[in-house]
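What follows is a guided reading of selected helices and their surroundings, moving from one element to the next. Please keep the sequence and the coordinates at hand while reading.

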Amino acid sequence: MWQRLSFYDLRVIGHYLGVLVLVSTFGLIAPLLTAFIFGEWGAGSRYLFTAGIFLIVGSALRFLRIQPGRLSRQQALAVTGLAWLVLALLSAIPLSFSGHYANYMDALFEAVSGLTTTGATVVRDLDHLSYADNMWRFAMHFMGGLGLVVVALSFGLFGKGGASLFSSEGRSEHVVPNVMQTAQFIGKITVVFIAISTAIVTALCLRIGMEPARAFLQSLWVSISAFTTAGFVPMSQNIMYYHSIAIEAVLVVVMLMGCVNFTLHAEIIRGRIRSFFEDMEVRAAAMWLLVMVVVFMASLAGSRLLSDLPAMERRGLFMIFAAFTTTGFQNVTSAQLTDAFSSGAFLIIAILMAVGANSGSTAGGIKIQRFGILVKGIVATLKETLAPDSARVATSYRHIGRRQVTLSLVREATTVLLLYGATYVIGALAGIASGYEASQAIFESVAMASNGGITSGIVVPGMSWPLELFYMFEMWAGRLEFVTLLALLVQIVVSITPTSFVGWVHARNADRARKRGDER
């Protein structure tokens, strides 16, 4: 039963929220150093000013309570849900003063998109955005892809409250029993893959004639975006800018590594390769991708732009992997996506983003594991129906060993599936109400709520502010996978509802129930 948040609860929540804000201040070091190295003094002053705001806000919240005790589940959910909102509001400050956003609302949209690793952008004249501002965009991807709590835990913060916060951010599995060591492992894996990808892509960029400093920075940025399955790019032409099949191939591999469950990364490092290939989600993902590739290519065969085999393989396959991993990279324009792609191919991209990739990774969407559990639940129901009364039926699946399919697992998967579906529909209706075609509105809603980020052209600078607000809500809800967000909203409603009013409602309902009983 949900309790009203007391003053003590608010102080504890504020304290941990302040710690997250203070830790996020370290992310501002990257754009500050970039501004200093490249002599972007105007941008540097903006990030220095923003760092001061981060420190002031974080310190003020931090000292609401000096020695907080162990976090309850309700408190942890509130901290996590509010952290994404507060950090987005603060992160938008330097972007709003850059001159590349129509207003603060657009800068806030960019910050929410960056932190939730959605990758949809409303920046104006991206090709001339400063190195420092670009660095901040990808620093937000890095922090959001790892998870704000995971970043803080990597520094050994939170103490007793770490486990509760780790779970509240949608991370249900520990690579090792210790939460802090799990967070550090996730950080190390991310840094290693980004470093390897950066080195390879830098060499490829140098080969096509890019100057060294620019080659390194752009390679770093797209590598961060690829492994965190995010979607920001430093150029307005997206991945098309590089005109390189080799770069696209490298990014596909990095995207796929980013959507692998971190516990499976640990199993591979420990030499347990069999666990990876036996995993239910890995097998289901492989079959799902194979089916989608066949259907997608068949749909593209009738396309005006991509009717020849080489174009289908290069453009089509890259878009499939970008959508499946919810990365949001595009090697076709938004106009080509809606006009040149067949309606079937357009629908396949939306379905891939809606479903998403593997759980316990940086990818978004509903997650394949949940669909696997639902299928297993249906199988279990059929077995129970057909089995004799005396038989004991059990259904299991493979994930780091053999696990039982329980009623709570099926219920959780069903709940999240329904919440995602409802959000996709409501977002589509919001787009239709704003004057867009139904197919385009559905596609954009799926891209926002799944944190897929591939846009069909609705998300543009200066877009309708009600629709922009709703898309930000979708990105926020999708990143938190709804449970944390709904818990936070319930807490707020319960806490601000006057006790007397709640008591009056309960009394009225009880009186009505008693009267109905007397009438019967």
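In this predicted model, helix H5 is made of 12 residues, and the distance from its first C-alpha to its last is 16 Å, close to the 16 Å expected at 1.5 Å a residue. Of these 12 residues, 10 are buried, so H5 is largely enclosed by the rest of the structure. The buried residues of H5 are Asp106, Ala107, Leu108, Phe109, Glu110, Ala111, Val112, Ser113, Gly114 and Leu115, a list that can be followed along the helix, which covers residues 104–115.

From H5 the reader can pass to helix H20, since H5 is included in what covers the buried residues of H20, together with helix H16 (334–339), helix H17 (343–355), H19 and helix H21 (465–479). Helix H20 is formed by residues 438–449, and its 12 residues should span 16 Å at 1.5 Å a residue, which agrees with the 17 Å that separate its end C-alpha atoms. Because nine of its 12 residues are buried, H20 is largely enclosed by the rest of the structure; the buried ones are Gln440, Ala441, Phe443, Glu444, Ser445, Val446, Ala447, Met448 and Ala449. After H20 comes asparagine 451, which has a positive phi, near 60°.

Among the elements that cover H20, helix H19 can be described in greater detail. Two packed helices are described by the angle between their axes and by the distance between those axes. Here the axes of H19 (residues 407–433) and H20 come within 8 Å and cross at roughly 135°, which means that H19 is oblique to H20. The crossing of these two helices is right-handed. On the H19 side the contact is made by Tyr420, Thr423, Tyr424, Gly427, Ala428, Gly431 and Ile432, and on the H20 side by Ala438, Ala441, Ile442, Ser445, Val446 and Ala449. Sorted by character, the residues of this contact comprise nine nonpolar and four polar ones, with no charged residue.

A last stop concerns a single position, threonine 50, which lies in helix H3 (residues 41–62). Is threonine 50 buried or exposed? Its relative accessible area is 0%, and threonine 50 is therefore buried, given that the term applies under 20%. Once neighbours within four places in sequence are left aside, the contacts of threonine 50 are Leu28, Leu90, Ile93 and Pro94. Serine 91 stands 41 residues from threonine 50 along the chain, yet the C-alpha atoms of the two are separated by 7.9 Å.

Key. Residues are numbered from 1 along each chain as its sequence is written. This is a predicted model: local features need pLDDT of at least 70, side-chain atom pairs count only at pLDDT 80 or more; totals for chains, interfaces and linings use all residues. Side-chain values use heavy atoms; hydrogens and water are left out. Axes are lines fitted to C-alpha atoms, for helices over the stretch in contact, and angles run from 0 to 180 degrees between N-to-C directions. Helices (H or I, at least four residues) and strands (E, at least two) are DSSP runs, numbered from the N terminus. Angles under 35 degrees count as roughly parallel, over 145 as roughly antiparallel, 65 to 115 as roughly perpendicular and the rest as oblique. A crossing is left-handed if the near helix is turned anticlockwise from the far one by less than a right angle, and right-handed if clockwise. Contact means heavy atoms within 4.5 Å. Ala, Val, Leu, Ile, Met, Phe, Trp, Tyr, Cys and Pro count as nonpolar, Asp, Glu, Lys and Arg as charged, and the others, Gly among them, as polar. Buried means under 20% relative accessible area, exposed over 50%, partly exposed in between (1.4 Å probe, protein chains only). The expected span of a helix is 1.5 Å times one less than its number of residues.
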